[in-house]
Amino acid sequence: SLLKLSNWIQSHLRPNPYGLAATTANPRLTERLVSQTEGGSGKGRLTSNRSQAPEKFRVAFFTAVSRLTVVQGEEALCGATVNVCRCRNSYLYLLAPLKHGWIDKCRQVIILLGAVEGVLCVSKCVQCTIIAVCGVTAVSA
């Protein structure tokens, strides 16, 4: 019956090993971004499962990037879903074809994205310039 089916589904479901929770929980997948210039105070964090996940499950998170110029190419991001969150006073050049993109809570950032296959969602950004070719763009204040 329905109760048995529900119990069976709950007992056989497992978390996605390539999803957000698994990727952010693994400290080996996090790369610290620091300023390479003398006296630079830039910082940030890139978390990506590109070394483990199949191409269709690749995810990259750029979080808290501040006062940096970040350039990522095709070898790192091709076909990935990219999340850019809480970045400020930075330049992000993500030059690869992407599956989807989320840009959230950024301030005074210039972001250049490669072609976005799916949806590009932009929310709660202030004084940002976003350059992208995409099929659908969703913008919210």
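Student: Okay, a contact means heavy atoms within 4.5 Å of each other. So in this protein chain, taking contacts between residues at least 6 apart in sequence, what share joins residues at least 24 apart?

Tutor: That share is 15%. Keep in mind that we're looking at a predicted model.

Student: Got it. How many helices and strands does the chain have?

Tutor: You'll find 3 helices and 11 strands. Reading from the N terminus, the order is α-α-β-β-β-β-α-β-β-β-β-β-β-β.

Student: And what does the C-alpha trace span along its principal axes?

Tutor: About 65 × 35 × 25 Å. As for the surface, the chain exposes about 8700 Å², and carbon and sulfur atoms supply 56% of that. Buried residues account for 35% of the 141 residues.

Student: Speaking of buried stuff, how many residues are in the largest nonpolar core?

Tutor: There are 23. Among the residues with the most contacts inside this core are Phe-62, Leu-77, Val-82 and Ile-103.

Student: Which elements give two or more residues to this core?

Tutor: One helix is on the list, H3 (74-77), along with strands S3 (59-66), S5 (81-85), S6 (88-94), S8 (107-113) and S9 (116-123).

Student: Can we zoom in on Val-82? Which residues does Val-82 touch, leaving out those up to four places away in sequence?

Tutor: Val-82 touches Ala-60, Phe-62, Leu-77, Leu-94, Leu-98, His-100, Gly-101 and Trp-102. Two of those, Phe-62 and Leu-77, are also on the list of residues with the most contacts inside the core.

Student: New topic: cysteines. How many disulfides are there?

Tutor: The count is 0. Take Cys-87: the nearest cysteine sulfur belongs to Cys-106 and is 4.5 Å away. A disulfide needs the two sulfur atoms within 2.5 Å, so that pair doesn't qualify.

Student: What about Cys-121, where is the nearest cysteine sulfur?

Tutor: That one is on Cys-134, 9.6 Å away, and Cys-121 is in no disulfide either.

Student: Is Cys-87 buried or exposed?

Tutor: Cys-87 is buried, with a relative accessible area of 1%. Cys-121 comes out as partly exposed, at 22%. Buried means under 20%, so Cys-121 misses that label.

Student: Switching again: what's up with the phi of Arg-67?

Tutor: Phi of Arg-67 is near 55 degrees, a positive value in a residue that isn't glycine. Arg-67 sits in the loop between S3 and strand S4 (69-72). Arg-67 is partly exposed too, with a relative accessible area of 39%.

Student: And Lys-105, what is its phi near?

Tutor: Near 55 degrees, again positive and again not a glycine. Lys-105 lies in the loop between strand S7 (100-104) and S8. At 32% relative accessibility, Lys-105 counts as partly exposed.

Student: How many positive and negative side chains are in the whole chain?

Tutor: 16 positive and 7 negative, and the centres of the two sets lie 14 Å apart.

Student: Last one. Where does Thr-137 lie?

Tutor: In strand S11, residues 134-140. Thr-137 is partly exposed, with a relative accessible area of 45%. The C-alpha atoms of Thr-137 and Val-116 are separated by 9.6 Å, and the two residues are 21 apart along the chain.

Key: Residues are numbered from 1 along each chain as its sequence is written. This is a predicted model: local features need pLDDT of at least 70, side-chain atom pairs count only at pLDDT 80 or more; totals for chains, interfaces and linings use all residues. Side-chain values use heavy atoms; hydrogens and water are left out. Helices (H or I, at least four residues) and strands (E, at least two) are DSSP runs, numbered from the N terminus. Buried means under 20% relative accessible area, exposed over 50%, partly exposed in between (1.4 Å probe, protein chains only). Accessible areas come from the Shrake-Rupley method with a 1.4 Å probe; for residues, only the protein chains shown count as cover. Lys and Arg count as positive and Asp and Glu as negative; His and the chain ends are not counted. The place of a charge is taken as NZ of Lys, CZ of Arg, CG of Asp or CD of Glu. A nonpolar core is a set of buried Ala, Val, Leu, Ile, Met, Phe, Trp, Tyr and Cys residues joined through side-chain atoms within 4.5 Å.
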